[in-house]
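This report concerns the pockets, cavities and one sheet of the structure shown here.

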Amino acid sequence: MIGSFHYWPLCPYKSMKYCLGFLLGLGIHMAPCQSVTFIGSPRWVLGTEKQKSASIGYGDIDQDGDIDILVANGRHWPEQNKVYFNNGLGIFTVSKSLGGQSTTSYATVLGDIDGDGDLDVIVGNDMAPNCIFKNDGKGHFTKGNDFGEAYAPTRNLVLSDIDQDGDLDILITNRGSQNEICINDGQGQFNEKLGFGTADDSTIDMKVADMDGDGDLDLILANRDAQQNYIYLNDGNLNFDQKIAFGSGEDHTRSIAIIDMNADEYLDVVTANINGPNVIYFGNSTLRYEHKSVFDAQLDKSYAIALGDLDGDKDVDIVIANHGEPNTYFINQNQGTLWKKYALSTEAYHTYDIVLSDLNGDGRLDIIESNSDEQNLYYFNQ
């Protein structure tokens with residue numbers, strides 16, 4: 001039974017009635033869709049703990065060819081961050097703690113910050129020092145130096161070569177404190193810091209992209225607390241004095257994603273909002289984001305967003321994490337102007353982060369959710 005359970009993603013659809021009965025017998029639930037189906041199970045979890053999980057990082061941490069996961073726990077209360085290792089089948093049968101401390105972790109990202117070819121871990125903490133863990137290539141970590149303002153209310157992290165010198169820099173969003181850029185010296189040290197925005201910004205999320213097509217990287221900010229969302233344009237020398245507004249000016253935006261949704265060669269901004277519609281703002285040559293499309297009119301508390309081709313039709317679909325409502329996904333049916341909505345499950349968890357990755361190596365994007373005070377779950381794409 002366990003073997004069949006593990007290998008279910010490879011099961012041929014010879015008898016849908018039989019397969020459905022098999023799934024139900026294992027406690028597996030399915031999110032139905034004509035073009036894509038996600039299946040989940042109480043057995044497909046990242047550990048058994050119910051912690052205040054806030055963020056997910058993913059990548060091949062031990063360099064064995066599959067996707068591993070790191071979960072940042074705690075938010076405002078110190079908890080232990082955990083690393084989960086994939087056994088090659090999309091099942092996480094080995095885990096360990098990251099470092100020896102419990103911290104108020106709100107964000108984590110993975111990237112090679114020291115240029116040695118493996119994925120290091122960067123952790124952002126609320127009102128506690130942000131920290132780096134350097135990988136030896138096999139998933140064994142050594143704690144490095146702290147970075148950023150030591151006791152800022154950090155909410156998110158982005159890795160990007162913002163100064164275009166060939167290494168990854170760290171960008172920090174701080175809710176109610178100035179946002180920061182920490183410049184990599186090429187060796188994984190981040191002693192140089194630049195601020196952007198103001199100390200009053202309630203920035204929760206940020207993305208980095210060349211929005212104006214001038215060859216440098218701009219900053220796109222999601223602000224909570226009914227603040228205006230902005231795009232900060234880079235002058236090429238890391239000065240971000242020019243800014244462009246998007247959204248209503250009173251949104252509680254908690255997450256954004258950047259993509260050319262309608263294939264017109266201009267980048268668009270996809271937003272996930274708390275108690276407001278989720279909206280796509282379409283870019284154009286004038287950099288005015290007035291043309292928009294509501295893809296989710298329901299006024300959920302949407303906390304995170306992920307983009308990817310879920311159904312294999314070569315366009316971009318959307319996954320939304322909700323707080324206190326079922327998580328949802330949206331199938332793109334007409335270049336970002338027509339969407340079909342599905343619930344990922346019937347559970348109304350407090351999901352703080354949601355990401356897409358191919359966990360079992362079948363070429364399809366699976367969904368991983370980070371739930372506060374509930375187990376962290378993943379769902380296979382069928």
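The largest pocket of this predicted model has a volume of about 810 Å³. A pocket is an open set of points on a 1 Å grid over the protein atoms alone, with protein on both sides within 12 Å along at least five of seven lines; lining residues have an atom within 4 Å of a point. A volume is the space filled by probe spheres set on the points, which are joined across faces, edges and corners. Of the 34 lining residues, V109, N156, L157, K207 and V355 are the closest to the pocket centre. Strands are DSSP runs of E with at least two residues, numbered from the N terminus; among those that each supply at least two lining residues are strand 3 (53-59), strand 7 (105-111) and strand 11.

One cavity of 30 Å³ or more is counted, a cavity being a set of points where a 1.4 Å probe fits but cannot get out. The largest cavity holds about 40 Å³, and its lining consists of L46, E49, Q51, S53, V71, N73, Y84 and N376.

The linings divide by class as follows (nonpolar: Ala, Val, Leu, Ile, Met, Phe, Trp, Tyr, Cys and Pro; charged: Asp, Glu, Lys and Arg; polar: the others, Gly among them).

| Lining | Nonpolar | Polar | Charged |
|---|---|---|---|
| Largest pocket | 24 residues | five residues | five residues |
| Largest cavity | three residues | four residues | one residue |

Strand 11 also belongs to an open, antiparallel sheet of four strands in the order 11-12-13-14, where pairing requires at least two DSSP bridges between two strands. Strand 11 (154-160) and strand 14 (192-196) are its edges.

Residues are numbered from 1 along each chain as its sequence is written. Local features need pLDDT of at least 70 and side-chain atom pairs pLDDT 80 or more, while totals for chains, interfaces and linings use all residues, and side-chain values use heavy atoms, without hydrogens and water.
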